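Visitor: I would like to learn how to read a model of this kind feature by feature, with the general idea before the particular case. Could we look at the structure together and begin with the charged side chains?

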Amino acid sequence: MLVEIDHSSPVSLAEQIAAAVRRALAEGTLHRGERLPSARSLARTLNINVHTVLRGYQILKEEHLIDLRPGRGAVVMSTSSPTQALVVDACRHFAHLARQAGLTEPDVLEMARTLFRTAT
């Protein structure tokens, strides 16, 4: 699995790691049951702190895309369609842009509801 990070990006390194895993799921290069690199190994490869990798993995766990267990590592558990990972990634990007634009959560949710209802 290829993870690339951009230190100059406003997106946190942990989120960049999570986004790379989501893309791999969406592209079909990562499948249910596969193990992700250990946090130490990935941190060493990317030359970043191991806790940053663990934060990225925790994001994916909260999205129910991976399972984290001591001694077992990070394992892909997503049973959803690969496009769900893309939708999660798009939503995170949307939320980031909305915050930058100064929109409130209720405004953004109403906008999303309206767009969802009118989408074909």
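Visitor: How exposed is arginine 113?

Guide: In this predicted model, burial is read from relative accessibility, where values under 20% count as buried and values over 50% as exposed. Arginine 113 has 41% relative accessibility and therefore counts as partly exposed, and glutamate 110, at 40%, is likewise partly exposed.

Visitor: With which residue does arginine 113 form a salt bridge?

Guide: The general idea is that side chains of opposite charge can pair when their charged atoms come close. Here arginine 113 forms a salt bridge with glutamate 110, and the closest N and O atoms of the two lie 3.6 Å apart. Because the two residues are 3 positions apart in helix α5, about one helical turn separates arginine 113 from glutamate 110. Elsewhere, salt bridges with shared partners bring Glu15, Arg22 and Glu63 together into one network.

Visitor: How many salt bridges does the structure hold, and which of them involve aspartate 67?

Guide: The structure holds 5 salt bridges. Aspartate 67 forms one with arginine 69, where the closest N and O atoms are 3.0 Å apart, and another with arginine 72, where the corresponding distance is 3.2 Å. To place these partners, one can again turn to accessibility: aspartate 67, with 15% relative accessibility, counts as buried, whereas arginine 69, at 47%, counts as partly exposed, and arginine 72, at 34%, also counts as partly exposed.

Visitor: How should I read the strands in that region, and in which direction do β1 and β2 run?

Guide: For a pair of strands, one asks how many bridges join them, which way they run, and what lies between them. β1 and β2 run antiparallel and are joined by 4 bridges, and arginine 69, already met as a partner of aspartate 67, stands opposite glycine 73 of β2. The hairpin has 3 residues between its strands, and in it glycine 71 adopts a positive phi, near 85 degrees.

Visitor: Where do these strands fall in the order of elements along the protein chain?

Guide: Reading from the N terminus, the elements follow the order α-α-α-β-β-α-α, which reflects a protein chain with 5 helices and 2 strands. As for overall dimensions, the C-alpha atoms of the protein chain fill a box of roughly 45 × 30 × 25 Å along the principal axes, and buried residues make up 32% of the 120 residues.

Visitor: Let us take a single helix, then; what is the span of α1, and how many of its residues are buried?

Guide: A helix can be read first by its span and then by its surroundings. α1 has 15 residues and reaches 21 Å from its first C-alpha to its last, close to the 21 Å expected at 1.5 Å a residue. As 11 of its 15 residues are buried, α1 is largely enclosed by the rest of the structure. The buried residues of α1 include Ala14, Ile17, Val21 and Leu25, but also the charged Glu15 and Arg22, both of which belong to the salt-bridge network with Glu63. After α1 comes glycine 28, whose phi is positive, near 80 degrees.

Visitor: Turning to pockets, which elements supply the lining of the largest pocket?

Guide: With a pocket, it helps to ask for its volume, then for the elements that line it, and lastly for the character of the lining. The largest pocket holds about 860 Å³ of space, and α1, α4 and α5 each supply at least two residues of its lining, with the largest share, 11 residues, coming from α4. Of the 27 lining residues, Cys91, Arg92, His93, Ala95 and His96 lie nearest the centre, and by class the lining has 14 nonpolar, 5 polar and 8 charged residues.

Visitor: What is the volume of the second largest pocket, and which residues are closest to its centre?

Guide: The second largest pocket has a volume of about 260 Å³, and among the 14 residues that line this pocket, Ser38, Ala39, Arg40, Leu54 and Gly73 are the closest to its centre. Its lining draws at least two residues from each of α2, α3, β1 and β2, and α3 gives the largest share, 3 residues. By class, this lining divides into 8 nonpolar, 3 polar and 3 charged residues.

Technical notes:
Residues numbered from 1 in each chain as written. Predicted model: local features only at pLDDT ≥ 70, side-chain atom pairs only at ≥ 80, totals over all residues. Heavy atoms only, no water. 1 Å grid on protein atoms, 1.4 Å probe; cavity = no way out; pocket = protein on both sides within 12 Å on 5 of 7 lines; lining within 4 Å. Points joined across faces, edges and corners; volume = space filled by probe spheres on them. Expected span 1.5 Å × (residues − 1). Buried < 20%, exposed > 50% of the residue type's maximum accessible area, 1.4 Å probe, protein only. Pairing = 2+ DSSP bridges. Salt bridge = Lys/Arg side-chain N within 4 Å of Asp/Glu carboxyl O.
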